[in-house]
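This report describes the overall make-up of a protein chain, then one of its helices and its internal space. Please consult the sequence and the structure shown here.

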Amino acid sequence: MNEPHTPGAPAGSTPPPPPPAPPAAAGTRAPSTGAGAQAPSADELARAGRVLNTIAEAYSAKMVGQDRLRMSLLISLIAGGHILLESVPGLAKTTAASTLSDTVRASFKRIQCTPDLLPSDITGNQIYDAATGSFRTVLGPVHANFVLLDEINRSSAKTQSAMLEAMQEHQTTIGGEIHHLPKPFLVIATQNPIEQEGTYELPEAQMDRFLLKEIVEYPSPAEEFEILGRIDSGVLDPDRHIESAVTLDDVRMLQEIASRIYVDPAIRNYIVSIAYVTRNPAPYIGEERARYIKYGASPRASIAFLQASRALALLNGRTHVLPEDIRSLRHLVLRHRVLLTFEADAEGIRSEEIIDQIFAAVPTP
């Protein structure tokens, strides 16, 4: 068997054979939609479109630019997942989260993470009531529809772990009692990549529980000029609420419709093949690049592609997922799951570069 091609092969050498095709997933039965239900009707898509337009207009009334951030937040909300935002301070991450919650008329809580933050400060605690001689439960700020964990990497590992049950099980345990979180429930966590003093790196187990990871970038000069104008006009006043809002029932409707978006078996096999190549990269992207990958993506990546692609299809007014949906989500889903080695970091290799090479090696259906 021929060895896979690696960068730096001598000029004029025999062209390498194409990389082997990833193994196909077993089973060929075509599922109808998400849970055997009927695909969304034209009327349902129209209703969903009206709700999404209302959210987009309300979002744009306060936010300048940041359309990619809006799309990522909506995908996470519709897919029922959580999102990690990474950027330097001052790029309106908090404003985006509060604007989205205001648009949906949902409960919103902001938790400023610090090294001395305790797990009970997030989940809640039992307090002794002297008047009744008994303990009463006081629920923490995580019991809200939208929870902003600001600078999550500033909290200790013990406090970060307190979020795992909430994010995965949508419940908290206080004094041995289980308290369910409201629906919908969306965690928007932020972290600062440039200031590492007094921070705790997020463990892989917690990173994997975020459906998406978005990198928020600086606004353009024109957008920054517009921000100054909106400051003067009072649009960004925190006491000024959005008038055209949607309800929590509207969000639940979006989530239900998205769960019935059709995903063809060929698309599912495409997703599984991508996840497989992240774990076995050498035959597909070459040994030279494969050595930069420390760990590949877990099955949660495949689940994230499935859920997020359905949400993206709904945002685009379609009843089915296209291969282009998977490709457009590749960085959002994989940049925090395909972990690179210290050598890659030292050489300035970014995870997005490796992800692009993996997608180039997997045939598109």
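What percentage of the contacts in the protein chain with a separation of 6 or more comes from residues 24 or more positions apart? In this predicted model, such residues account for 80% of those contacts.

The chain folds into 16 helices and eleven strands. Further values for the whole chain are tabulated below.

| Property of the protein chain | Value |
|---|---|
| Buried residues | 45% of the 365 residues |
| Exposed area | about 17900 Å² |
| Share of exposed area from carbon and sulfur atoms | 53% |

**Helix 2**

Helix 2 covers residues 67-79, and because each residue should add 1.5 Å, a span of 18 Å is expected for its 13 residues; the C-alpha atoms at its ends are 18 Å apart, in agreement with this. The helix is mostly covered, with ten of its 13 residues buried. Among them are Leu-69, Arg-70 and Ser-72, and the buried set also includes the run Leu-73, Leu-74, Ile-75, Ser-76, Leu-77, Ile-78 and Ala-79. Gly-80 follows helix 2 and has a positive phi, near 75°.

**Internal space**

One cavity of 30 Å³ or more is present in the structure, and the largest cavity holds about 30 Å³ of space. Its lining consists of Cys-113, Leu-117, Ile-122, Leu-149, Ile-152, Ser-155, Thr-159, Gln-160 and Met-163. Six of the lining residues are nonpolar, three are polar and none is charged. Helix 5 (residues 157-169) provides the largest share of this lining, with three residues.

Methods
Residues are numbered from 1 along each chain as its sequence is written. This is a predicted model: local features need pLDDT of at least 70, side-chain atom pairs count only at pLDDT 80 or more; totals for chains, interfaces and linings use all residues. Side-chain values use heavy atoms; hydrogens and water are left out. Helices (H or I, at least four residues) and strands (E, at least two) are DSSP runs, numbered from the N terminus. The expected span of a helix is 1.5 Å times one less than its number of residues. Buried means under 20% relative accessible area, exposed over 50%, partly exposed in between (1.4 Å probe, protein chains only). Contact means heavy atoms within 4.5 Å. Accessible areas come from the Shrake-Rupley method with a 1.4 Å probe; for residues, only the protein chains shown count as cover. On a 1 Å grid over the protein atoms alone, a cavity is a set of points where a 1.4 Å probe fits but cannot get out, and a pocket is an open set with protein on both sides within 12 Å along at least five of seven lines; lining residues have an atom within 4 Å of a point. Grid points are joined across faces, edges and corners, and a volume is the space filled by probe spheres set on the points. Ala, Val, Leu, Ile, Met, Phe, Trp, Tyr, Cys and Pro count as nonpolar, Asp, Glu, Lys and Arg as charged, and the others, Gly among them, as polar.
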